[in-house]
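Biologist: I am new to this structure and would like a close look at a single part of it. Could you start with one residue and its surroundings, and then go on to how helices and strands are arranged elsewhere?

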Amino acid sequence: MLTARIAASGGAHLGGVHILAHPGPVLTSWLDGFRRHLLPENPWIRLPVRPSTEALLGSVDVMDAFQSGVIRHVEGVLERASGGWLIMPMAESLETRNASIISQFMDEGDQSGSEAIESDVFTGPGLIAIDESSDEGESIPGGLADRLGLRLDLRDVLYSSIEPDWPALPGIPEKVWRSVQIGDDAMEQLVVYAALSGHPSMRKLIHLSHGARILAALQGDDVVTEDVIRLTAQLFLGGVPEWPNAPEEEEASSEAQTSKGENQHPPSPVDASHPSENIQSDASATPEEKNVDPSQDKASTAPPIDAHLLASNTRSKRGRASGKSKAGVTAGRRGQIYVSRSVPQLPDQKPDIMATLRAYAPWHHLRTRSSEHAGRLAIRSEDFRYQWRRQRVEQSVIFVVDASGSTALERYGETKSAIEQLLAECYIQRCNVSLIGCKGLQAECLLPPTRSLTSAKRKLGGYPGGGATPLASGLLAGLAAARSAERTGLMPHLVILTDGRSNIDLEGAANRKSAQDDVTKVARHIAFTGVSTICFDVSRRPGKRVRELSAQLGADYRSLPHVNAASISTVVSQRLQGGAR
Amino acid sequence: MQKPPFPFSAIVGQDSIKRALMIAAVDNTIGGVLILGDRGTGKSTAIRGLARLLPKIETVRSCRYHCPPDAPATSCQICNVLDKKSLKSEQIATPIVDLPLGVTEDRVCGMIDIEKALTTGEKSFEPGLLASAHRGFLYIDEVNLLEDHMVDLLLDVAASGINIVERDGMSIRHPARFVLVGSGNPEEGDLRPQMLDRFGLSVDVTSPDNVKDRIEIVRRRDAYEQDPVGFSKKWQRKDTAERKKIESARERMVDTIVSDEIMELVTRLCMALGVDGLRGELTLMRAARVEAALAGRESVSTVDVRLMAPMALRHRLRRDPLEEASGTARIDRALEELGLG
């Protein structure tokens, strides 16, 4: 397949390949086929699924150190894969830190501080990231995705359609494809495609330009043509993007690609520096490009390429901004190392060898002076050091507010400024806040989870109280929000402000009895899921109604007949701090 | 020979990064540069290019702590020999040290030389990255992903200028004065406010928004990759010109006048914006002075203040988190109100 050939030719200059696939024979077949394109001496290393930093960057060879007394550095996976390829299965679950380490290594080489590698030619490993994500929102970490030029979607390919041993056609040496000319308007085309696909990064553009040249060289051309550009977009961006609806769009919709060299730019003040008409390509490129069939142009005037277009696509395709691990904390096995102690954090933990050696080193000479110990290491138990890890889990506070008539409006006003205070506090503690209101027939999400204080303030303006109280619906919405927070790796806290009275049930009917029953049902469900919950009683005369509800919820009960901002804020932030441990 | 880094002057656009870095290079008391922006915007390219063009520093040969020949650090074993005349001095490029993400604390601070201890029983200190960065730059990529204990350590050393190591039975202190440069993508996590304040200047970057610049970037990158040495040579003259600018600015800076009116302006601006503490004012004043020196002016003018205000103050405006307007807009507004619009 073409992608394999290109990847083999481009090597690390293209960064790598982002493969979307399910593990199975299709993937294996492609990988084997790709391997056939490579030289046998190119390293081909598979990354273990949850690599530690030492595995990536290398560490000390302990056994050797003990035997010879010399500290030697063992190559990590990244070093070993240099000049070849690194395969990363399940790349979507790669932790952000590891993704960053790999990205840094690809940029600059071995920076771990152990012997610097000085060489004329740095060829970091090419990466093959196998993205097995099935969820819509999941994807490989953004920084890594940015560095992978090629994109291959194998998910819908049927095994039966592949020939088992598709041949490995020769690649193109670097010198050859680098000498292919690519004209300015071809470049411009690529810029536009990249922008339309939501890839404003310069790296992507560089990959595209390399790729276009490789493709042209594969065809035996020495100049990049429009077809090549389109193919490049297909292979590197996952498709040739359509122009968004531009005013002069009639026939242009079928001919989605713009014409070459004939771009008319209506004067756009934003992009004054851009030369308007025909961009003259290099002299060497002229014969090929002027051969573009005039009939292909039609009247498809290109929509203006301007700064707005390029800038507006920065947010469209991001994948996951950060790889957060699941909220369930496994103490000690994951998380960040924060201290080194001489007692283990977990019973079966392995010691940190380097730290142990360092603790031991000052004593070595003293302890081994007597002949029986000479030449050996006399490490004692007090020398051992263990790494203690701590998982910092981000928190998410979800307010569910009962805005029924029996709750005074000013209380709601109090709640609003409580939220503002909390937001300020959350800014420091870095957690999300969201607000769900129960009003009318259904609960309504008034403020989606946000750390953005400005948008929170904006959305909080003007929410009147009064009316029916669909409390069950509100609780259910709160639970859903908590679940989705968990899925993204946050720790949710539900804060419910209510007077316990509900008169709308889950179906939307105004039936007090079924409403209460529904509330009980949902409350028990919430208790079952174990989400951390605090229940504030905002009724004028705190009674047992809310107390009962709170028991059903498995929640902390707090009575605040005079709801005020400070008290809510204090209670919740205490809970947050407790959760942060 | 090592592949030369991409030349500083060959970077297309990104004037704000280049200017901020140059200012921090001229006056290293300003305190570091924070570069926040999307991926692939040439952040690390700029800093590596800069380090290469900076004037060389004079130090003792093979000294791990970059001691200046006339003022060796007390703990430097190489420089503190009895026969000072036997020390040779040499000129080296301004050090730039990368702080990679996976780095351990002992690698940063320095640790006991285990080999020596195990083989000869000698207790000797192996200096870490902080020592290597002394009198130079410390570059942290993805600074918002750095672990908290590392952040605390760096803040402490950056503030005091001294690295103190008390562990493994060693007690060492050595000077560690460097310009901290951090880059990161704000989408991937926030920076703690304490850390933000530590940086003198901050710059927001995006990739260039016009087609011509983008194409030029790709072309230059291509030319560089094909022939790094030749490409560097081509841009050498421009790089040298920049270096000379820095050198002369350093000299001129001492005599540049900061008038009382300017001081008052700076103070009023900071008060209007509600900037915490004095660091904002100091930074703005210093940056304005450098800007004046770079431009060849004898005294600081309002133009310099206006130019430097966003860079120096943008990241210190955390007073009211619920304030709607963005940092830069607020600064502009305050400048207008003071008659500098």
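Modeller: In this predicted model, Phe231(B) has a relative accessible area of 5%, and because that is under the 20% cut-off, Phe231(B) counts as buried. The residue belongs to helix α9 of chain B, which spans residues 228-253. When its neighbours within four places in sequence are left aside, Phe231(B) is in contact with Phe6(B), Pro7(B) and Ala10(B), and also with Arg220(B), Ala223(B) and Tyr224(B). One of these, Arg220(B), is eleven residues away from Phe231(B) in sequence, and the C-alpha atoms of the two are 8.7 Å apart.

Staying in chain B, we can turn to a pair of helices, α10 (residues 260-273) and α11 (residues 279-295), whose axes come within 9 Å and cross at roughly 140°. Because of that angle, α10(B) is oblique to α11(B), and the crossing of the two is right-handed. From α10(B), the residues Met263(B), Val266(B), Thr267(B), Leu269(B) and Cys270(B) meet Gly280(B), Glu281(B), Leu284(B) and Met285(B) of α11(B). By class, the residues of this contact are six nonpolar, two polar and one charged.

A helix pair in chain A can be described in the same terms. Helix α18 (residues 471-487) and helix α19 (residues 512-529) of chain A have axes that come within 8 Å and cross at roughly 20°, and α18(A) and α19(A) are therefore roughly parallel to each other. The crossing in which α18(A) passes α19(A) is left-handed. Among the residues that make the contact are Leu475(A), Leu479(A) and Arg483(A) of α18(A), together with Asp518(A), Val522(A) and Ile526(A) of α19(A). Sorted by class, the contact of α18(A) with α19(A) has nine nonpolar, two polar and two charged residues.

Chain A also offers a set of paired strands. Strand β5(A), made of residues 85-88, sends Trp85(A) and Ile87(A) one way and Leu86(A) and Met88(A) the other way, and all of them are buried. In general, the side chains of a regular strand alternate between the two faces of the sheet. Strand β2(A), residues 44-46, runs parallel to β5(A) and is joined to that strand by three bridges, with Trp44(A) standing opposite Trp85(A). Strand β6(A), residues 126-131, is likewise parallel to β5(A), with four bridges joining the two, and here Ile87(A) of β5(A) stands opposite Ile128(A) of β6(A).

Definitions and conventions
Residues numbered from 1 in each chain as written. Chains lettered and ligands numbered in written order. Predicted model: local features only at pLDDT ≥ 70, side-chain atom pairs only at ≥ 80, totals over all residues. Heavy atoms only, no water. Buried < 20%, exposed > 50% of the residue type's maximum accessible area, 1.4 Å probe, protein only. Pairing = 2+ DSSP bridges. Axes fitted to C-alpha atoms, helices over the stretch in contact; angles between N-to-C directions. Parallel < 35°, antiparallel > 145°, perpendicular 65-115°, else oblique. Left-handed = near helix turned anticlockwise from the far one by under 90°. Contact = heavy atoms within 4.5 Å. Nonpolar A, V, L, I, M, F, W, Y, C, P; charged D, E, K, R; others polar.
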